[in-house]
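Take a first walk through this fold with the model open beside you. We begin in the interior and finish at the surface.

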Amino acid sequence: VRPLGSALPQRSAEGKVLGCRHCRRGSLARRRVGAMLTPQELEALLGLLKESNKPFESIAQSFYKSFPKSEQFKVGCVICMLLQDQLLTQTQRLVGFYILYDVYRNEALPTTPFVPIVLETVEQTRDAV
């Protein structure tokens, strides 16, 4: 078992990415956001999620400048936690969805770890779009 802060997605026996295991672990993992991100990293992430007046591409570029590739999966897990706990406004959720999409835009869909969480969150959303 890898520690909670591990930045590797969980895979099935066939090698398919199952999704962000931190997101699926329930409220215990959600309470441990502080163990995954430093206060400065969390502040930077929340600042990006509030950037509603910028194009998504611009927000994604700011994300890449703020978080190196080695940290992006971990930050994606935190975005999933915020989405699942319904702690984001509708606009922040859209930004979060875009970041999760953009990080893995060049990957085949089965290797994208956040698809199950994004779909589940969208299905449970009650907001009118």
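In this predicted model, the largest nonpolar core holds 27 residues. Leu45, Ile99 and Phe114 touch the most other members of that core. Five helices each give two or more residues to the core: α4, α5, α6, α7 and α8 (115-124). The largest share comes from α6, with 9 residues. Such grouping fits a general pattern: in soluble globular proteins, nonpolar side chains tend to be buried together.

Now look at Ile99 on its own. Which residues is Ile99 in contact with, leaving aside its neighbours within four places in sequence? They are Leu49, Ile59, Phe63 and Ile79.

Two of these names lead to the next stop, helix α5. This helix spans residues 56-66, and Ile59, Ala60 and Phe63 are buried in it. Why do these three lie on the same side of α5? They cover an arc of only 100 degrees around the axis, so they share one side of the helix. The spacing rule behind this is simple: an α-helix has 3.6 residues a turn, so residues three or four places apart point the same way. The cover over the buried residues of α5 includes α4 (39-49), α6 (69-84) and α7 (90-103).

Last, turn to the loop between α6 and α7, where Gln86 sits. Its phi is near 55 degrees, a positive value in a residue other than glycine. Most residues other than glycine have a negative phi. Is Gln86 buried or exposed? Gln86 has 60% relative accessibility, so it counts as exposed; the cut-off for exposed is over 50%.

Note on methods
Residues are numbered from 1 along each chain as its sequence is written. This is a predicted model: local features need pLDDT of at least 70, side-chain atom pairs count only at pLDDT 80 or more; totals for chains, interfaces and linings use all residues. Side-chain values use heavy atoms; hydrogens and water are left out. Buried means under 20% relative accessible area, exposed over 50%, partly exposed in between (1.4 Å probe, protein chains only). Helices (H or I, at least four residues) and strands (E, at least two) are DSSP runs, numbered from the N terminus. The arc is that of the directions from the helix axis to the C-beta atoms. Contact means heavy atoms within 4.5 Å. A nonpolar core is a set of buried Ala, Val, Leu, Ile, Met, Phe, Trp, Tyr and Cys residues joined through side-chain atoms within 4.5 Å.
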